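Q: Please take a close look at how the helices pack against one another in this model. Please also describe the pocket.

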Amino acid sequence: MSKMTVIYWSQTGNTEAMARAIAQGAEAAGAEVKLLTVSEASEADVTGSDLVAFGCPAMGAEVLEEDEFEPFFTAVEGKLTGKKVALFGSYGWGDGQWMRDWWDRAERDGAVLYGAEGLMVNETPDDEGLERCRAFGGGFAGA
């Protein structure tokens, strides 16, 4: 059984809903899952997991949330080499540039990334969006 940690930041609840559905999908696939907000997470949660899913919505000019999530991600970047990582988040504008930038950054950090370019959902995930999240979590747990 793989150990998976889902670490997320959410302002409106959209990315939180995605995180919960990803965790459900991973648990259904047999993973032991820890679901944490970024303020609850520590470096040990990253290093002690086989799989780490990071979730953050697009903020401002398509960047990661700058007060909590960005500092945490920056602090753990050096621990991502060889780590299986998935990226996800919601957005309300733009075309997903924040995710492409984040993906490239994690790839440069040496992370073993899951999916094509992470998982993005526009605004509040509907039933179809939540199902995509559960499938993403299940697929990542089996990666």
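A: Angles under 35 degrees between helix axes count as roughly parallel, and those over 145 as roughly antiparallel. Angles of 65 to 115 degrees count as roughly perpendicular, and the rest as oblique. The model examined here is predicted.

With these limits, consider helix H3, residues 69-76, and helix H4, residues 97-108, whose axes cross at roughly 20° and come within 11 Å. H3 and H4 are therefore roughly parallel to each other, and H3 passes H4 in a right-handed crossing. On the H3 side the contact is made by Phe69, Glu70, Phe73 and Thr74; on the H4 side it is made by Trp102, Arg105 and Ala106. By class, four residues of the contact between H3 and H4 are nonpolar, one is polar and two are charged.

The second pair is formed by H1 and helix H5, the latter spanning residues 127-141. The axes of H1 and H5 come within 6 Å and cross at roughly 45°. H1 and H5 are therefore oblique to each other. H1 passes H5 in a right-handed crossing. From H1, the residues Ala17, Met18, Ala21, Ile22, Gln24, Gly25 and Ala26 take part in the contact. They meet Leu130, Cys133, Arg134, Phe136, Gly137, Gly138 and Ala141 of H5. The residues of this contact between H1 and H5 divide into nine nonpolar, four polar and one charged.

H1 also leads to the pocket. The largest pocket has a volume of about 160 Å³. Its lining comprises 14 residues, of which Thr12, Asn14, Pro57, Ala58 and Ser90 are the closest to the centre of the pocket. Helix H1, residues 14-28, and strand E4, residues 84-91, each supply at least two residues of that lining. By class, the lining of the largest pocket has eight polar, five nonpolar and one charged residues.

In summary, H1 makes contact with H5 and also supplies residues to the lining of the largest pocket, while H3 is in contact with H4.

Methods. Residues are numbered from 1 along each chain as its sequence is written. This is a predicted model: local features need pLDDT of at least 70, side-chain atom pairs count only at pLDDT 80 or more; totals for chains, interfaces and linings use all residues. Side-chain values use heavy atoms; hydrogens and water are left out. On a 1 Å grid over the protein atoms alone, a cavity is a set of points where a 1.4 Å probe fits but cannot get out, and a pocket is an open set with protein on both sides within 12 Å along at least five of seven lines; lining residues have an atom within 4 Å of a point. Grid points are joined across faces, edges and corners, and a volume is the space filled by probe spheres set on the points. Helices (H or I, at least four residues) and strands (E, at least two) are DSSP runs, numbered from the N terminus. Ala, Val, Leu, Ile, Met, Phe, Trp, Tyr, Cys and Pro count as nonpolar, Asp, Glu, Lys and Arg as charged, and the others, Gly among them, as polar. Axes are lines fitted to C-alpha atoms, for helices over the stretch in contact, and angles run from 0 to 180 degrees between N-to-C directions. A crossing is left-handed if the near helix is turned anticlockwise from the far one by less than a right angle, and right-handed if clockwise. Contact means heavy atoms within 4.5 Å.
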